[in-house]
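Welcome! Please take a moment to look through the sequence and turn the model around before reading on.

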Amino acid sequence: MTRAKPEDDEYWNSSKFKAFTFDDDDDEFSRLKESKRAVNSILVGDDDDDDDDDDVERVSWTGEPVGSISWSVKETASSIHSGSEQSFPKIDTTPSLSKRGSGYSLSSLFKAKSKPGAFQSFSESFSDTSIKTYAPELRKPRSDGKDFVSDLSPEETVRRMQKGRAFSLEKFRSLQDKLLLLDEAVAVYDGNVITAVLIYLKRSLSKEILFRELMARDVALRHYVHYLKETGEQKLLVELLKALGRTEDMALIQYKEHLNIKDEGRRRDFLKSCLSLPFSQDDATHVQDHYTLLERQIIIEASDKKADADIFKRFPRKASILNMPIITTLYYSCFYHYGESEGTFSSPSNIRKTFRISEKQYILTALGARAKLKLWFDVDSLFNTKNWLGYTKKRSPIGFHRVVDILQKNSAPIQVLQEYVNLIDDPELKLSVALKYKCHDVIINTYRDLKDRQQLIVYRDKLERDSVDYRKIQELLNNGQIRWKN
């Protein structure tokens, strides 16, 4: 289209549009807005005014005219790579039309200058008004604040971790950076942060280097050991303890693995393999006893399953003896195998000797088992001892007041209770136990020995008249040979 010179002058002087000049004083931001409007005009399509035919080319922030082929190619590539909502459609470059027959260019596409009937498919692709296309925006420089987590220092990263903000540990690639990060985590005394950093170091460092560095950091080391215990990484924990020279701890960790073995035979074999581990002296004895006990229990269990003795019929077993504690095993032996010779594995005396059970513990256990069976003769045999003159005397390492308690819980007859109450040496304790279990003979004889007439009268009034114990107290009160204290 040709214009007369006056019309050109009027257009350039009065129009809101300006031609490009190198002396243009618009700032970069204004030019950015101009270029965005030029691109977005593709979607809108300006049919209101014929002045659009006179539209001039704008300039992008790169200094190239909007609509030039180089600018359009760059912008198309930028929009494809930026992943925006709507990219520019690809233009078929197949030479279906001759250059001479086409009045359109890439520049005209970006300026939305299409003649009616031409490029219909291109315009229809933007007919959906809900789709918005934006010109690519300038990326915010990293220098504008610390919004990019990859730019953070170890101290800032740890602070973000404490506050629950976004962070990345992957940027700490060198060993020095990783150790600085760990030291910062330790310095804030936050266990969660320390553990998170240790998990990253565990994943990104070889275990040899990690173990070496943890040796100089006690706090981090303790957190790492706890973490491995909680996650059940026993193999790595054993390697760590071995590297630290803590062989006893390593042995105990390995020994603890027996808890995960259900089969008794395999557990016994595992315990046997643990005997060669470097335990302390006390722990080694414990492991040896554990292995021996389980071995005995397996033998006893196999034998008693097939036993048809009378005691197994009167008192059927309620549970297996396997994996029971040593005292439970001793009680079982005293209940079902009391009186067997010491040469058998199930004999109470054999178990007592093998596992070095003290006399007090043995008496308590055997007393409970035999009293449960109401075998009072066996109870007496536990306390009968002979002196050097051959006289039999009862002696108890646990105190006869405790013996009375056990007998009463097992419903012992009053005669048996009174016999053992009389064996209590302390008069006040004896009277207290007798009153507790209503051992009338013991109470009456104790008040008589104490010459306490008033207490005897008080106790008489608590009894039924004409009962044997009532008449006995009355006879004592009428006895003139007793010199009462009150």
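This report starts with the whole chain and then visits a few places within it.

The model is predicted: local features need pLDDT of at least 70, side-chain atom pairs count only at pLDDT 80 or more, and totals for chains, interfaces and linings use all residues. Residues are numbered from 1 along each chain as its sequence is written, and side-chain values use heavy atoms, with hydrogens and water left out.

**The whole chain**

The protein chain has 25 helices and two strands. Here helices (H or I, at least four residues) and strands (E, at least two) are DSSP runs, numbered from the N terminus. Of its 486 residues, 33% are buried; buried means under 20% relative accessible area, exposed over 50%, and partly exposed in between (1.4 Å probe, protein chains only). Among contacts with a separation of 6 or more, 52% are between residues 24 or more positions apart, where contact means heavy atoms within 4.5 Å.

**Two helices side by side**

Helix α13 (residues 264–274) packs against helix α14 (residues 281–305) at an angle of about 155°, and their axes are 9 Å apart. The axes are lines fitted to C-alpha atoms, for helices over the stretch in contact, and angles run from 0 to 180 degrees between N-to-C directions. The two helices are therefore roughly antiparallel, a label for angles over 145 degrees. On the α13 side, the residues that meet α14 include Arg267, Arg268 and Leu271; on the α14 side, they include Tyr291, Leu294 and Glu295.

**A helix with a buried face**

Which residues of α25 (residues 468–478) are buried? They are Asp469, Tyr470, Ile473, Leu476 and Leu477. Seen down the axis of α25, these residues fall within an arc of 125°, so they line one face of the helix; the arc is that of the directions from the helix axis to the C-beta atoms. Their cover includes α23 (440–450) and α24 (453–460). Val468, Glu475 and Asn478, on the other side of α25, are exposed.

**Two unusual backbone angles**

Most residues other than glycine have a negative phi. The table shows two residues with a positive phi that are not glycines.

| Residue | Phi | Loop | Relative accessible area |
|---|---|---|---|
| Lysine 374 | about 60° | between α18 (359–372) and α19 (376–383) | 40%, partly exposed |
| Aspartate 466 | about 70° | between α24 and α25 | 60%, exposed |

**One more lysine**

Lysine 235 lies in helix α11 (residues 234–243). Lysine 235 is exposed, with a relative accessible area of 67%.

How values were computed
Parallel < 35°, antiparallel > 145°, perpendicular 65-115°, else oblique.
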